[in-house]
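Q: I am new to this structure and would like to go through it step by step. Could we start with a term that will be needed for the strands?

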Amino acid sequence: MLSPAWPLADAQTNRTRRLATPGTRGARTGPETSPDAFPDIEQLNSPATTIRDDLILLSNVFSSWQTFFPQDGNPWGDNRDITRALSGQNPRGVVLIPPNHPAISPNGELLDRWGTPVLFHQLSGTAMELRSAGPDRVFYTADDTVLTP
């Protein structure tokens, strides 16, 4: 099981920032996918984890986002907008979810393990409620899983 607010080690954070920040020594151009940026992302929607684990993992992705954009808060918009931002279409080109991750649909939405778009509900600039519609694929029913930070 994943733990909430998974901290990035200082060495990993510094290495990731060095890779992802344009203009720094050794930086590459374009969006960067660094396995050190968020190594657990491959577990998203894995059969070895639960939907709760998935939502905790996504919450941790938002915590990592805030280390790169501490003054900006979370990305905002609909699912596609947020997914684009998390997959590298942001001012620094930081990739926390690879754009080719199997959880991203062909139309750019981040999907839960049942193929339903995750519902992102912005509670504040830094707090994002995450909701999966659950196996019935209908929001706001008894089988939904919700993570509120």
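A: Certainly. Two strands pair if DSSP finds at least two bridges between them. Please also note that this is a predicted model.

Q: Good. Which residue stands opposite F120, then?
A: F120 stands opposite L130, a residue of β4. In the same way, L119 has R131 of β4 opposite.

Q: How many bridges link β3 and β4, and in which sense do they pair?
A: The two strands pair over four bridges in the antiparallel sense, with β4 covering residues 128-132. Between β3 and β4 there is a hairpin of five residues.

Q: What is the order of the strands in the sheet?
A: The order is β3-β4-β5, in an open sheet of three strands with antiparallel pairing. The edges are formed by β3 (119-122) and β5 (145-147), each of which pairs on one side only. From one strand to the next, the twist averages 15°.

Q: Which helix lies across those strands?
A: Helix α2, made of residues 51-68, lies across β3, β4 and β5. Its direction is at about 30° to that of β5.

Q: Staying with α2, how is a helix pair described in general?
A: One gives the angle between the two axes and the distance between them.

Q: What are those values for α2 and α3?
A: The axes of α2 and α3 (residues 79-86) come within 11 Å, and they cross at roughly 60°. α2 is therefore oblique to α3. The crossing of these two helices is left-handed.

Q: Which residues make that contact?
A: From α2 they are V61, F62 and W65, and from α3 they are I82, A85 and L86. By class, the contact of α2 with α3 has six nonpolar residues, with no polar and no charged ones.

Q: A change of topic: what is the mean pLDDT of the chain?
A: The mean is 81, and 74% of the residues reach 70 or more. Over residues 1-36, however, the pLDDT is below 50.

Q: How many contacts does that stretch have in the model?
A: Beyond near neighbours in sequence, residues 1-36 have 54 contacts in the model. As a general caution, predicted coordinates should not be read in detail where pLDDT is low.

Note on methods: Residues numbered from 1 in each chain as written. Predicted model: local features only at pLDDT ≥ 70, side-chain atom pairs only at ≥ 80, totals over all residues. Heavy atoms only, no water. Axes fitted to C-alpha atoms, helices over the stretch in contact; angles between N-to-C directions. Contact = heavy atoms within 4.5 Å. pLDDT = per-residue confidence, 0-100. Parallel < 35°, antiparallel > 145°, perpendicular 65-115°, else oblique. Left-handed = near helix turned anticlockwise from the far one by under 90°. Nonpolar A, V, L, I, M, F, W, Y, C, P; charged D, E, K, R; others polar.
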